[in-house]
Structure formats: structure tokens, C-alpha cells
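Subject: Handover of a structure, with findings

Dear colleague,

Please find the structure below, with its sequence. My notes on it follow.

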Amino acid sequence: MAEAAERVFAGSEAPPAVAGRVERHKGVDRLFHWLTAAAVLTLMTTGLLPALGILKFNWVVVHWSVGVFLVLLVLFHIVRSLFWQRLKCMFALSAAEIAGKKVTKYSVAQKLMHHAMTLMVLAAVITGCFMLMKMDTPLWKRDPYTLSQATWGVIYVIHGAAAVSAITLVFVHVYFAILPEKRMYLRAMIKGWLTREELAEHHTPPKKNG
Amino acid sequence: MDLFRVGHDVYGQRVLEGISWNTVPYAVGVAAVVIVGHLIWRLIRGTKRGA
């Protein structure tokens with residue numbers, strides 16, 4: 001009974017493969033995380049380095065192709081989180097959590113990082129989708145005249161702000177991921193599991209099953 | 001510091017071209033402040049349980 005509660009609390013209803021371990025992230029969610037990380041880093045590299053004049057190369061095709069891939073990843077994550085995951089694990093925030101008296105599956109800091117990343121990625125992909133209208137691709141022909149010059153300016157500003165804020169967010173995210181006391185979460189994002197001791201030490205046990 | 005890049009269209013009117021790339025060092029600076037701030041807080045707190 002207690003083990004079942006731990007599994008639900010940790011985010012998995014499937015029994016762990018090894019005793020003493022509690023599954024935190026399913027394989028599909030880990031794959032999503034690392035593909036998104038690769039896509040965001042590629043988009044930052046292809047978007048920012050040429051703009052800063054650090055590296056000159058034909059970045060446009062790589063940038064929009066990876067951008068479309070990121071849109072598909074975001075759509076996948078939205079559908080998965082709506083129908084296969086518990087939204088409240090990420091979005092519910094109680095006074096006890098803010099006061100540091102309770103830590104559910106995700107800490108307040110982890111939730112804030114997720115929400116900041118969400119805002120950044122959504123701003124980038126939504127404006128990026130509009131910017132695709134200015135591209136000739138195998139799938140569509142460019143049509144830059146649908147929106148006014150002023151509207152394009154706002155879209156470019158939002159897209160650029162998302163790109164610049166991504167620098168801060170990636171640095172901070174990587175820093176917290178490699179901190180010794182947080183490295184169990186990095187391992188969980190690679191291998192999928194926490195130990196029962198780690199779960200007991202860093203998270204508040206649920207009062208009831210689920 | 002300019003927050004935006006502004007150009008001119010074919011009619012000579014000012015048009016917004018995007019965010020200024022001069023903001024990039026500030027983004028790195030904010031990250032550095034957060035990281036260094038947390039490291040100091042972690043040292044002062046002297047515990048293995050950080051934020």
C-alpha cells in the first residue's frame with residue numbers, strides 16, 4: 001500500500017523494475033526532455049550566434065527545420081500532459097509548499113523553472129510559426145504581406161526576447177541540474193528513478209494513496 | 001542601452017526590427033547573478049538541501 005502511494009507520488013503507477021527504486025520519469029518523458037533540450041540548444045546556436053556575428057553559416061534552413069520539430073514536441077507534450085499525466089503535479093501550488101513545509105513531486109523551484117521554460121518556448125514557437133510565413137519551404141510558399149510591418153516588428157521582438165531569456169534559463173537550469181545535492185534529479189531524468197531514501201529525504205510523503 | 005533594433009522602411013519610416021542583441025550580455029549577467037547568489041546562499045546556509 002505504501003509502495004503504491006510512493007509510486008503515484010513519484011509520478012508512476014507502474015511497478016519499479018528494481019527494489020528500492022521509485023520511477024520518477026517514464027522513458028517517453030525523458031526522451032521528450034532531451035529532444036527538447038537538443039532542439040532548444042540547436043535553435044539558440046543557429047539563431048543567436050549568426051545574429052551576434054560570432055559564427056557565420058547558412059543557419060536559416062537548420063533553424064526553421066528544428067523549429068518545426070520543436071513545435072511538434074510541444075504539441076506532443078501538451079497532449080501527453082493533458083491526457084496521460086497529472087497536471088496538478090506541476091501546476092498546483094499550496095501555501096505549505098511556498099513556505100517550504102511540503103515538497104510534492106516537484107519543488108517550487110522546479111515548478112517555477114518549468115513555467116519559465118514553458119513561457120519562453122511558447123513565445124518562441126508561436127512567433128516562430130508566424131515567421132515561417134516568410135519562408136519558402138517544400139511545404140509552403142512565402143507570404144510576408146499577410147501582416148503589417150509593425151506587427152512583424154512585435155513578433156520579432158517577442159521571438160528575440162524568448163531567445164535572449166533562453167540564455168538565462170539554460171544557464172540556471174544546467175547549474176541547478178549539476179549541483180551535487182540536486183544530481184539525483186539529473187539521474188532521474190537520465191535513468192528515470194530515485195531511491196526510496198532520496199524520495200523520503202527530499203519529498204513530503206503523501207497522507208493517502210495518490 | 002537600446003532595448004530594440006529599429007530600421008527604416010522604403011518610405012523612410014522607422015520600423016521595429018526586433019530586440020537589440022546588446023541585451024545578450026545582460027541575459028548572461030542575470031544568470032551569473034542567480035548562480036553566484038545561490039552559491040553564496042548555499043555557503044551561508046551550510047546545508048546540502050538547496051533551493
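I begin with helix H3 of chain A, residues 60–83, in what is a predicted model. At 1.5 Å a residue, its 24 residues should span 34 Å, and the end C-alpha atoms lie 35 Å apart, which agrees. Four residues of H3(A) are buried, namely A:His63, A:Gly67, A:Leu70 and A:Leu73. In an α-helix there are 3.6 residues a turn, so residues three or four places apart point the same way. The buried residues of H3(A) pack against two helices of chain A, H2 (27–52) and H6 (108–131).

The wider setting of that helix is as follows. Chain A contains 9 helices and 2 strands, in the order α-β-α-α-α-α-α-α-α-β-α along the sequence. Its C-alpha atoms fill a box of roughly 60 × 35 × 35 Å along the principal axes. Of its 210 residues, 20% are buried. Among contacts in chain A with a separation of 6 or more, 63% join residues 24 or more positions apart.

Next, the nonpolar cores. The largest nonpolar core holds 17 residues, and those touching the most other members are A:Ala39, A:Leu70, A:Met120, A:Ala124, A:Ala162, A:Ala163 and A:Ala166. Helices H2, H3, H6 and H7 of chain A each give two or more residues to this core, and H7(A) supplies the largest share, 5 residues. A:Leu70 has thus appeared twice, as a buried residue of H3(A) and as a member of this core. Leaving aside residues up to four places away in sequence, A:Ala124 touches A:His159, A:Ala162 and A:Ala163. Apart from this core lies another, of 5 residues, including A:Val22, A:Tyr185, A:Ala188 and A:Trp193. As background, nonpolar side chains tend to be buried together in soluble globular proteins.

One loop residue may also be of interest to you. A:Leu179 sits in the loop between H7 and helix H8 (183–191) of chain A. Is A:Leu179 buried, partly exposed or exposed? A:Leu179 has 16 other C-beta atoms within 10 Å; a residue counts as buried at 20 or more and as exposed at 12 or fewer, so A:Leu179 is partly exposed. A:Leu179 and A:Leu93 are 86 residues apart in sequence, and their C-alpha atoms are 24 Å apart in space.

Turning to the partner, chain B has 1 helix and 2 strands, which run β-β-α from the N terminus on. The radius of gyration of chain B is 20 Å, well over the 10 Å that the globule rule gives for 51 residues, so chain B is more spread out than a compact globule. Its C-alpha trace spans about 60 × 15 × 10 Å along the principal axes. Buried residues account for 6% of the 51 residues in chain B.

Where the chains meet, 22 residues from chain A and 20 residues from chain B take part in the contact. On the side of chain A, the elements giving two or more residues are H2 and helix H7 (149–178). H7(A) gives the most, with 15 residues. By class, this side of chain A has 15 nonpolar, 5 polar and 2 charged residues.

Finally, on confidence: chain B averages a pLDDT of 89, and 90% of its residues score at least 70. For the complex, the predictor gives an ipTM of 0.86 and a pTM of 0.86.

With kind regards

Methods:
Residues are numbered from 1 along each chain as its sequence is written. Chains are lettered from A and ligands numbered from 1 in the order in which they are written. This is a predicted model: local features need pLDDT of at least 70, side-chain atom pairs count only at pLDDT 80 or more; totals for chains, interfaces and linings use all residues. The radius of gyration is taken over C-alpha atoms; the globule rule is 2.2 Å times the number of residues to the power 0.38. The expected span of a helix is 1.5 Å times one less than its number of residues. Two residues are in contact if their C-beta atoms, placed from the backbone, lie within 7 Å. Ala, Val, Leu, Ile, Met, Phe, Trp, Tyr, Cys and Pro count as nonpolar, Asp, Glu, Lys and Arg as charged, and the others, Gly among them, as polar. A nonpolar core is a set of buried Ala, Val, Leu, Ile, Met, Phe, Trp, Tyr and Cys residues joined through C-beta atoms within 7 Å. pLDDT is the predictor's confidence in each residue, from 0 to 100.
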